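Below is a short set of questions and answers for a reader new to this structure. Each answer sets a value against the definition it relies on.

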Amino acid sequence: MSNTVIEAHGLSKRYGRQVAVDGIDLEVMEGEVVGLLGPNGAGKTTTILMLLGLTEASSGSVRILGRDPWREPLAVKREVGYLPDAVGFYDNLSGRENLRYTARLGGLDAAEADRRIAEALERVRLAEVADRRVGTYSRGMRQRLGLAELLSRHCRVAILDEPTSGLDPQSTHELLQLIGGFAQEGMTVLVSSHLLDVVQSICTRVALFNRGRIGFSGTVEALSARVADSGFEIELEAEGVDIRRITEGLAGVTLLDTGVPGRWRLKAPLDIRPDLARRIVAEGGALKSLDAHRLALGEAYTRYFEEVAHEA
Amino acid sequence: MKREGSPFKGVGAVALKEAADHITSARMHLVMLLLLLVLGAALYGAIGQIKATTAQNAFLFLQLLTTAHQPLPSFASMLGFLLPLLAIALGFDAVNGEFNRRTMSRILAQPIYRDAVLFGKFLGGLLVMAIALVTLWLLMTGLGILFLGLPPSADDIARGLAYLVATLVYAGIWLALAITFSTLVRAPATSALAALAVWLVFSVFWSMLAPVLAQAISPIDPFDPMSLLNQFYALQDISRISPATLYGEVSSILLDPTSRTVGPVFQEQLVGALVGAPLSTGQSILIVWPEIASMLAEMLVLFTISYVVFQRQEVRA
């Protein structure tokens, strides 16, 4: 069972003559984690605001959970949580009080709200500082408080705009783990970012934004496959064997010199590690290490935009 | 295109939060301290003055508000002068402050309409000022009882309440003005300065500008006595653009039962009148009803401007 949660067709936004978003089609299924990737100013935030009904689209249509966010904003916003880029809280209030305020805005009954808030704060590991003023929070804590807000509201869809921007690697990792956790519980998540390796770890699908258009949409693997001709990069260390001779018989494999004796790097369309190991051992060589990794989305992404710039 | 849901959902939550924020804010404490000091001094002066001239007037209690003891002005005129300061302090960063704290997009993503944010901010400010005004009024009444030893009559209380309501409307104009500037201008310092500039122009300079403008619009012809009256009417119309003038007229009628008009009085109108006889409270309110309606109109016009601008504003800071 997979229902379409977010559906956008021909979505455009023009500011005067400038086109911020130019005819975007986007579909997100229930339980998916979709990443909107692209450089700053590519139209990601504008798209998100249009999806939420916070900005009127110049043309095109949006359906969130089957509703039009421009006509039925309250029903849509009840189900959809939004964590803006560099989220702000009232510094003079504590984390808990900030969440209480949004719960009241959502019309939640006070006792129920307190219970949900405590639960959400526990989950994002802010329970101990919940009664401290938000002014004393670090950036990572604020972002986690933003996630707690979505949790306490029991949103079905979470739209996160640059959730990890400006965070140190440790906090980024923590935050991504939390977001990944939401998705596992069936929340549909839309994440925008310009940092790729960050989003790669949690997204099932990505949409690449460039100058207001979606240039590519598909799974991470599909993106890598499309951009990179060779899918795997293999590093191996071995002694007493001529690797050049071994790899000659394998189709599509290119050997790159690392400059270190006894260590090689290969590019192959498939994971050929078992084959390699067998051959090295058969030749009487000593295999010390063998490691393969897929071309990271980051590399694919960089190459994609290089391609786009090249075409233009 | 019809949109579903009530625009008033969440107004109460926003208003109460704003009120709570205001009441605990240092800004509010400072302005209230200033108000208390100045008004306390005015009241003290008035009490001294009244004690010295007890027998002259039947409406002693209301005189607490209107008596001035040189060099201090009266309680009522001081309140009219300083209250806008409180309103501006509460409203000057209502909207742009949310943008600067980056809370606006998060709040607007909650299941409420934008209307609720603006209504809530306005009502929250009004609520706080109502509390402040009632407190000041009760303090004044208490001091009156303590020092003069006379309780207010029912009529005094009725007039006092009418005066309080009119004062709240007057404060509402300045709050609406401050909120309007906070939607129009992104920098809070600029919006505060703009609102303060308008306040200075209307409460200090308008009374100097009005005669000049009146002279230009309706010059006096030495051979036509009616031109004198025409210029007076022009002057009155121009002065009444300023909410400070309107409020001054309202308070002078409401707090003084013996005054019967805010305009010119002709000899034939005084035929048969008992000069100095007090009016009933209802009659006094009727006299200043046009002024009160004008103040409400000014407040609504200003609020509408901020409403329209805010509805069309881009959420993106």
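A residue is called buried if 20 or more other C-beta atoms lie within 10 Å of its own, exposed if 12 or fewer do, and partly exposed in between, with C-beta atoms placed from the backbone. This is a predicted model, in which local features need pLDDT of at least 70 and side-chain atom pairs count only at pLDDT 80 or more, while totals for chains, interfaces and linings use all residues. Residues are numbered from 1 along each chain as its sequence is written, and chains are lettered from A and ligands numbered from 1 in the order in which they are written.

Q: Why is α3(A) called largely enclosed by the rest of the structure?
A: Nine of the 11 residues of α3(A) are buried, so the helix is largely enclosed. Among these buried residues are G95(A), R96(A), L99(A), Y101(A) and L105(A). The cover over the buried residues of α3(A) includes α4 (110-123) and α5 of chain A, together with α1 (11-24) of chain B. Helices here are DSSP runs of H or I with at least four residues, and strands are runs of E with at least two, numbered from the N terminus.

Q: What makes L65(A) buried and H154(A) partly exposed?
A: L65(A) has 20 C-beta neighbours inside 10 Å and therefore counts as buried, whereas H154(A) has 14 and therefore counts as partly exposed. L65(A) lies in the loop between β4 (59-64) and α2 of chain A, and its phi is near 50 degrees, a positive value in a residue other than glycine. H154(A), in the loop between α5 (139-152) and β6 (157-161) of chain A, has a positive phi of about 55 degrees although it is not a glycine either.

Q: Why is α4(B) called roughly antiparallel to α7(B)?
A: The axes of helix α4 (residues 75-91) of chain B and helix α7 (residues 114-148) of chain B come within 11 Å and cross at roughly 150 degrees. Angles under 35 degrees count as roughly parallel, over 145 as roughly antiparallel, 65 to 115 as roughly perpendicular and the rest as oblique, and the crossing angle therefore makes α4(B) roughly antiparallel to α7(B).

Q: Which residues meet where α4(B) and α7(B) are in contact, and how do they divide by class?
A: Two residues are in contact if their C-beta atoms, placed from the backbone, lie within 7 Å. F75(B), L86(B), A87(B), L90(B) and G91(B) in α4(B) meet G125(B), V128(B), M129(B), A132(B) and M140(B) in α7(B). By class, this contact has eight nonpolar, two polar and no charged residues, where Ala, Val, Leu, Ile, Met, Phe, Trp, Tyr, Cys and Pro count as nonpolar, Asp, Glu, Lys and Arg as charged, and the others, Gly among them, as polar.

Q: How do you know that the length of α7(B) agrees with the span expected of a helix?
A: The expected span is 1.5 Å times one less than the number of residues. The 35 residues of α7(B) should therefore span 51 Å, and the end C-alpha atoms are 51 Å apart, which agrees. Just after α7(B), G149(B) takes a positive phi of about 70 degrees.

Q: How many residues of chain A are in contact with chain B, and which element gives the most?
A: In chain A, 25 residues are in contact with 21 residues of chain B. On the side of chain A that touches chain B, α2(A) gives the most, with five residues.

Note on methods: Axes are lines fitted to C-alpha atoms, for helices over the stretch in contact, and angles run from 0 to 180 degrees between N-to-C directions.
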